[in-house]
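Biologist: Could you take me through this one, starting with the aromatic rings? I'd like the cut-offs as we go.

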Amino acid sequence: YRQYMMNYVEPPPTPRAGEKKTKGKLTKVLVKPSKKRKIIIEKAQIRDVEEILELGNVFAESNLMLPRGPQYVYENIRDFVIASDRNVPVYSLTETREVLHMIVACGSLHVLWGDIAEIRALAIHPDYQHLGLGSKLVEYLIEEAKLLGIKRVYTFTLTEDFFRTIGFKRQKREELPPKMWGECSRCPKYFNCDEVGMVKVL
């Protein structure tokens, strides 16, 4: 669960008239090599939806993952896990004096049936890649799956090598459970899928 901070940070200044947030780009984080990152992985909350969408849809624009809309994320917010850098404050809530920090990664575990779940929407901010954060998020989601009694975790991915290093095995499409095919039929890539199905038995 989200930890509450004692220090208070003032909210950022109000944007100037006509100033808009650039679409398709993520905040550039300039972290000095000497500065230690403090990354916390935890369950997402409603207030995290906007940042989750921003992070995931930047990768979707490059066809690296499926695009998601606000309705999907709100309806499935309990599936999502976030990683935030506690050394990068973003803004604060005046009522609780809680400091919120930049979300640098996210992922979700979506239960499909009694023994099947899918890892989805795994995205890592470019400035935080190659730090092992992807593996940590998947480990967190797998532990959640075990607590729920899930026996098999699937994913569809363009990064087969990454998932292979953490114990996933490639699965032929004809070997996928029928429930997985039901999900595939609603995917925009259904008729021209370039992703690989992989499974990890827990």
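Modeller: Sure, rule before result: rings of Phe, Tyr and Trp (its six-membered ring) pair if their centres lie within 6.5 Å, with planes under 30 degrees apart called stacked, over 60 edge-to-face and the rest tilted. Bear in mind that this is a predicted model, where local features need pLDDT of at least 70, side-chain atom pairs count only at pLDDT 80 or more, and totals for chains, interfaces and linings use all residues. Residues are numbered from 1 along each chain as its sequence is written, and side-chain values use heavy atoms, with hydrogens and water left out.

Biologist: How many aromatic pairs does the count come to by this rule?

Modeller: Phe162 and Phe163 form an edge-to-face pair, 4.9 Å centre to centre with 75° between the planes. Phe163 also pairs edge-to-face with Phe168, at 5.2 Å and 80°. Phe162, Phe163 and Phe168 form one aromatic cluster, and the count of pairs comes to two.

Biologist: Is Phe162 buried, partly exposed or exposed?

Modeller: Buried means under 20% relative accessible area and exposed over 50%, with partly exposed in between (1.4 Å probe, protein chains only). Phe163 is buried at 3%, and Phe168 is buried at 2%. Phe162 has 24% relative accessibility, so it counts as partly exposed.

Biologist: Which ring does the charged end of Arg68 sit over?

Modeller: The test is NZ of Lys or CZ of Arg within 6 Å of the ring centre and within 35 degrees of the ring normal. Arg37 lies over the face of Tyr128, 5.3 Å from the ring centre. For Arg68, the distance to the ring centre is 4.2 Å, and the ring belongs to Tyr72.

Biologist: Which element gives the most residues to the largest nonpolar core?

Modeller: A nonpolar core is a set of buried Ala, Val, Leu, Ile, Met, Phe, Trp, Tyr and Cys residues joined through side-chain atoms within 4.5 Å. The largest has 24 residues, and Ile119, Leu133, Val138 and Phe168 touch the most other members. Strands E2, E3, E4 and E7, along with H3, each supply at least two of its residues; helices (H or I, at least four residues) and strands (E, at least two) are DSSP runs numbered from the N terminus. With six residues, the top contributor is H3.

Biologist: How far does H3 reach from its first C-alpha to its last?

Modeller: H3 covers residues 133-148, which is 16 residues. The expected span is 1.5 Å times one less than the number of residues, giving 22 Å for H3. The model is close to that, at 23 Å.

Biologist: Which residues does Val138 touch, leaving out those up to four places away in sequence?

Modeller: Val138 is one of the buried residues of H3, and contact means heavy atoms within 4.5 Å. The aromatic cluster of Phe162, Phe163 and Phe168 is fully represented among its contacts. The list is Ile119, Leu122, Phe162, Phe163, Ile166 and Phe168.

Biologist: What is the relative accessible area of Ser108?

Modeller: Ser108 lies in strand E3. Ser108 touches Asp79, Phe80, Glu118, Ile119, Arg120, Ala121 and Leu141, not counting residues up to four places away in sequence. Ser108 is buried, and its relative accessible area is 0%.

Biologist: And what percentage of the protein's residues are buried?

Modeller: The protein has five helices and seven strands, and the sequence runs to 202 residues. Buried residues make up 42%.
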